[in-house]
Amino acid sequence: MKNILITFVAVSTFIVAQDTTYNVDPEPQLPGLGVYIGGTFGGATSVNDLPDGHTIGSRLNVPNVGISKGLFLGGIPLIVGAGYHPRGYTYEFTNSFTGTKVESETQIDMLDVWATLPYPINDRAILQAGFLLGTCLGGTQKIDDDEQDLEDIEGELDYGIILGGGYAITENIGINIGYYIGLAEFDEMMKFNGLVFNVGYTF
């Protein structure tokens, strides 16, 4: 709970700023308050070596939903936001006693705050690089038809780097795609990574 409160305080600190209207041009204005929805196609890498025959794979994690806003921090242009962004992965191995393949799917529910530094490359497109910090709300693990809640990971932190870009379809609608590189050893077991994509609307 303490980490969740810290996250919300960080969101409030970031988003209170001067409002502007989005328009990508040689002297770009920053976007005003907006919303986005999308997902992640990602997985994880194990901190420790996996046993022989054990593999970790990627899965589609949806939905990513959140709010975003452009602001200047000490004269530096930033796009900041907060949202619900699940992580997840698949895990496969062969049972040494029965010889059957066991497959599991794990979803980790995360509340994140993030900030990126935009760099315009033409009148519609930008490159972005930034940082993400999140706290875990819980999760689920499904093996065959049996699904269990993962409560012992609540409050675990994750953080990493975001690299990507965005494209303005209209003055109010844009798409973003990027790659998340997790730096934290989540639950001392995994580092998350994956392709992130969303569609956003700026008011």
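**Strand β6 and its pairing partners**

Eight bridges connect strand β5 (residues 87-94) with β6, and the two strands run antiparallel. Within this pairing, Glu92 has Glu103 of β6 as its bridge partner. The two strands form a hairpin, with six residues between β5 and β6. Gly99 lies in that turn and has a positive phi of about 80°.

The model is predicted. Its pLDDT averages 88 over the protein, and 86% of the residues score at least 70. Residues 1-27 are a low-confidence stretch, with pLDDT under 50 throughout. For residues 1-27 the model has 50 contacts beyond four places in sequence.

Strand β6 itself spans residues 101-120. The strand is mostly covered, with 14 of its 20 residues buried.

β6 also pairs with strand β7, which comprises residues 125-143. This pairing is antiparallel and extends over 17 bridges. Asp112 is found opposite Gly134 of β7. Four residues link β6 to β7 in a hairpin.

A further antiparallel pairing involves strand β4 (residues 76-84), which is joined to β6 by six bridges. Here Ile79 stands opposite Thr116 of β6.

Strand β6 thus pairs in the antiparallel sense with β4, with β5 and with β7. Hairpins connect β6 to β5 and to β7.

Methods: Residues are numbered from 1 along each chain as its sequence is written. This is a predicted model: local features need pLDDT of at least 70, side-chain atom pairs count only at pLDDT 80 or more; totals for chains, interfaces and linings use all residues. Side-chain values use heavy atoms; hydrogens and water are left out. Buried means under 20% relative accessible area, exposed over 50%, partly exposed in between (1.4 Å probe, protein chains only). Two strands pair if DSSP finds at least two bridges between them. pLDDT is the predictor's confidence in each residue, from 0 to 100. Contact means heavy atoms within 4.5 Å.
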